[in-house]
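Me: I would like to learn how to read the fold of a chain from its secondary structure, one feature at a time. Could we begin with the elements themselves and then see how they are arranged?

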Amino acid sequence: MRASVVQRQFRCGTPGCRCTKGERHQDVIATRSLNGKTQTVRIRNGRETMAREWAENWRTLQSIVAELTAIELEILRLPKVTSQSLPQKKDNEKADLFVYITNSICLCLVII
Ligand SMILES: [Zn+2]
């Protein structure tokens, strides 16, 4: 997920609560910016590890996309690469993106 998982301290607003004396409540939230607004979701007990893993998955995906972009731009710069030698994407297989990415990286390695 494209979100940050952070610990938050807050006052609940209940008169006389311990948080009014400086001992604030704590929870863990997932937060993201969406269309200029901040979306915040409180993470229930026992789900923090999962949420942190999902946030990490997004960062990993971003680095993979950045790497793939760099590789594809390098391929576009190369002279005399025919369309037959480029990896072909089949329309009827949805899982082909992974294969396509792998083939692009392999082709790049062969060319280098
Ligand atoms: Zn309170």
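Reply: Helices and strands are taken here as DSSP runs, with at least four residues for a helix and at least two for a strand, numbered from the N terminus. In this predicted model, the chain has two helices and three strands, and from the N terminus on these elements follow one another as β-β-β-α-α.

Me: How are the three strands ordered in the sheet, and what is the sense of their pairing?

Reply: Two strands count as paired if DSSP finds at least two bridges between them. Here the three strands form an open sheet in the order β1-β2-β3, with antiparallel pairing; β1 (4–10) and β3 (37–43) are the edge strands, each of them pairing on one side only, and the twist from one strand to the next averages 40°.

Me: Over how many bridges do β2 and β3 pair?

Reply: Strand β2, which spans residues 25–34, pairs with β3 over seven bridges in the antiparallel sense, and for V28 the bridge partner in β3 is I43.

Me: Where does helix α1 lie with respect to the strands?

Reply: Helix α1, residues 48–77, lies across β1, β2 and β3, and runs at about 135° to β1.

Me: What percentage of the residues in the chain is buried?

Reply: A residue is called buried if 20 or more other C-beta atoms lie within 10 Å of its own. By that criterion, buried residues make up 2% of the 112 residues in the chain. As for contacts with a separation of 6 or more, 41% of those in the chain are between residues 24 or more positions apart.

Technical notes: Residues numbered from 1 in each chain as written. Predicted model: local features only at pLDDT ≥ 70, side-chain atom pairs only at ≥ 80, totals over all residues. Axes fitted to C-alpha atoms, helices over the stretch in contact; angles between N-to-C directions. Contact = placed C-beta atoms within 7 Å. Buried ≥ 20, exposed ≤ 12 C-beta atoms within 10 Å, placed from the backbone.
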